[in-house]
Amino acid sequence: MIRASRARPATGRIAFALAACSYAAGLGEAAGQQPVLTVEREDGSSSNVTVSLDRGFAAVGTDVLTDLGWTVVESGGGLTISAAGEIHVAMRLSSPFFRWDGVVLQMTDAPYRAGRRSYVPLQFLSDFLPRRLPGLYDFADESGRLRAGDVALLATGGASAGVTGGGGESGATPTADLAPTVDAEPALDPNSAEAVRLARPSTYDGTRVVVIDAGHGGEDPGSLSQSGIREKDVALAVALRVAEELRGVEDLEIVMIRDDDTFVDVWERGLIATRAKGERPGLFVSIHANSFPARREARGFETYFLSDARTEHERRVSAIENAPMSRNPASRDSETGEDLDFIFRDLTNYDHAHWSEDLAALVQEELDDFHPGPNRGVKQGVLAVLTNALMPSVLIELGYLSNQAEARVLNESDFHDQAAEAIAEAVVRFFERYPPGNGTGAPEPSR
Ligand SMILES: [Zn+2]
């Protein structure tokens, strides 16, 4: 929707760049060409909204939201955006975190006030509205348009607006803020890249633990396909089959973070895994499906491990998966920002990064054997769900629900079986090497 003026050739890319806010700095060269967001309403009318780049990222005045039927109230550094008495979004000026009906989400950049107007990152309209309210909003990156339905329909339940807990779209995690204050990296023994590379087959013969985490669940459906396929269902279907696949493996204990449709806080998942693993060697596998409504052609599978996100894409996916971080709005007060404190805790799982990367590579290799989509490779990001899992851990994005064809595949029972076999195979292969058998710190079995 943002349409960079027609003189600029790569409109689509620029539009995305704006939405993702990463290349905004590069837009300086487009001097004098103010990008514009085109809003198309259901009644056929449309209007152009000026996009501000004053802060180095794309933002629009909150009056755009007012025009779309939202109520915007600013007070004391807070910005409350509500619709039809149904949806309440609480933002704070200068914070990229916000709450959508109590769920903490994260944008790439923060809302701000300039002069007498307040601004929200364009990303709120280009990513979050379409993702959270797919029946009402659609953002076509290529054509640079935001299609907007009548928000009043939410009151009547008219729009299949799917008020979802889908997790925020895009949005880079502000790595500078989230990144742990861990110094460089203890280029030490068993977890160094070198050690992982050289690791001999494991000689450990005690019980190993595999923690299988089906992403999302309960009130958090995760991403949604246009036809309504829910990420949480795909994740659970595959997770249950991974467990089945692994059940016969000797000396392997299987822990499921959830084995039904329940909500588990993202931060809790890693803690549960760490407790369950105890002193034994173990790994953590979190199963997800991706979504990128602004680029519906995107498809394929990728596996993340916990580390600094290096690219905009990685930051975007990290932000999606980090939301919702918590479901308990009542216990936290957004006015004080208290609810955000937990986000800034130290990330302590970096020590396992190389083993996690190794595991991620195995998963990608196995998935590649049958997956119809492209292999998007091993990625890294600051992922909340992996943060507290003190063991090699990965997050698998099995494919894109936002891609119609891939969504159909993700919904197939055959696919669930094959994906599960692939993941199980990767787990078994990983444990053939982990803990390493070269004497560099294989954990003592605790029982
Ligand atoms: Zn997910």
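A salt bridge is defined here as a side-chain nitrogen of Lys or Arg within 4 Å of a carboxyl oxygen of Asp or Glu. The structure is a predicted model, in which local features need pLDDT of at least 70 and side-chain atom pairs count only at pLDDT 80 or more, whereas totals for chains, interfaces and linings use all residues. Residues are numbered from 1 along each chain as its sequence is written, and side-chain values use heavy atoms, with hydrogens and water left out.

**Exercise 1. Salt bridges**

State how many salt bridges the rule gives, and locate the partners of Glu-74, Arg-280 and Glu-366.

Solution.

Step 1. Applying the rule gives a count of 15 salt bridges.

Step 2. Glu-74 pairs with Arg-113 at 2.6 Å, N to O. Glu-74 belongs to strand β5 (residues 71-75) and Arg-113 to strand β10 (residues 112-114), 39 residues apart; the pair thus links distant parts of the chain. (Helices, H or I of at least four residues, and strands, E of at least two, are DSSP runs numbered from the N terminus.) Both partners are partly exposed: Glu-74 has a relative accessible area of 29%, and Arg-113 one of 36%. For these classes, buried means under 20% relative accessible area, exposed over 50%, and partly exposed in between, with a 1.4 Å probe and protein chains only.

Step 3. Arg-280 meets Glu-253 at 2.7 Å, N to O. Arg-280 sits in the loop between α8 (266-277) and β16, and Glu-253 in strand β15, so the bridge ties together parts that are 27 residues apart in sequence. Arg-280 is buried at 4% relative accessibility, while Glu-253 is partly exposed at 25%.

Step 4. Glu-366 meets Arg-429, also in a salt bridge, at 2.7 Å, N to O. This pair connects helix α10, which holds Glu-366, with helix α13, which holds Arg-429, across 63 residues. Glu-366 is buried, with a relative accessible area of 11%; Arg-429 is partly exposed at 23%.

Step 5. Asp-138, Arg-147 and Arg-296 are linked in a network of salt bridges.

**Exercise 2. The roles of helix α13**

Determine what α13 gives to the largest nonpolar core and to the negative patch.

Solution.

Step 1. A nonpolar core is a set of buried Ala, Val, Leu, Ile, Met, Phe, Trp, Tyr and Cys residues joined through side-chain atoms within 4.5 Å. The largest such core has 47 residues, of which Ile-287, Leu-367, Leu-398 and Ile-423 touch the most other members. Elements giving two or more residues to this core include β16 (282-290), α10 (353-368), β19 (393-400) and α13. The greatest contribution to this core comes from α13, with 10 residues. In soluble globular proteins, nonpolar side chains tend to be buried together.

Step 2. Glu-244, Glu-245, Glu-421, Glu-425 and Glu-432 form a patch of negative charge on the surface. Patch members have over 30% relative accessible area and no salt bridge, like charges being joined within 9 Å.

Step 3. At least two residues of the patch come from each of α7 (231-247) and α13 (413-433), and α13 gives the most, with 3 residues. Glu-421 lies in α13 and is partly exposed, with a relative accessible area of 45%.

**Exercise 3. Backbone geometry and burial**

Identify where His-216 and Asp-251, each with a positive phi, are placed, and which peptide bond is cis at Pro-435.

Solution.

Step 1. Most residues other than glycine have a negative phi, and most peptide bonds are trans.

Step 2. His-216, not a glycine, has a positive phi of about 60°. His-216 is in the loop between β14 and α7 and is buried at 4% relative accessibility.

Step 3. Asp-251 likewise is not a glycine and has a positive phi of about 55°. Its place is the loop between α7 and β15 (252-256), where Asp-251 is partly exposed, with a relative accessible area of 38%.

Step 4. The cis bond runs from Tyr-434 to Pro-435, with omega near 0°; Pro-435 is in the segment after α13.

**Exercise 4. An enclosed helix**

Establish how many residues of helix α3 are buried.

Solution.

Step 1. In α3 (residues 122-132), 11 of the 11 residues are buried, so the helix is largely enclosed by the rest of the structure.

Step 2. Among them are Gln-123, Asp-127, Arg-131 and Arg-132.

Methods:
Patch = residues over 30% accessible without salt bridge, like charges linked within 9 Å, V, L, I, M, F, W, Y side chains within 5 Å. Areas by Shrake-Rupley, 256 points an atom, 1.4 Å probe, with all protein chains shown as cover. Lys, Arg positive; Asp, Glu negative; His and termini not counted. Charge placed at Lys NZ, Arg CZ, Asp CG, Glu CD.
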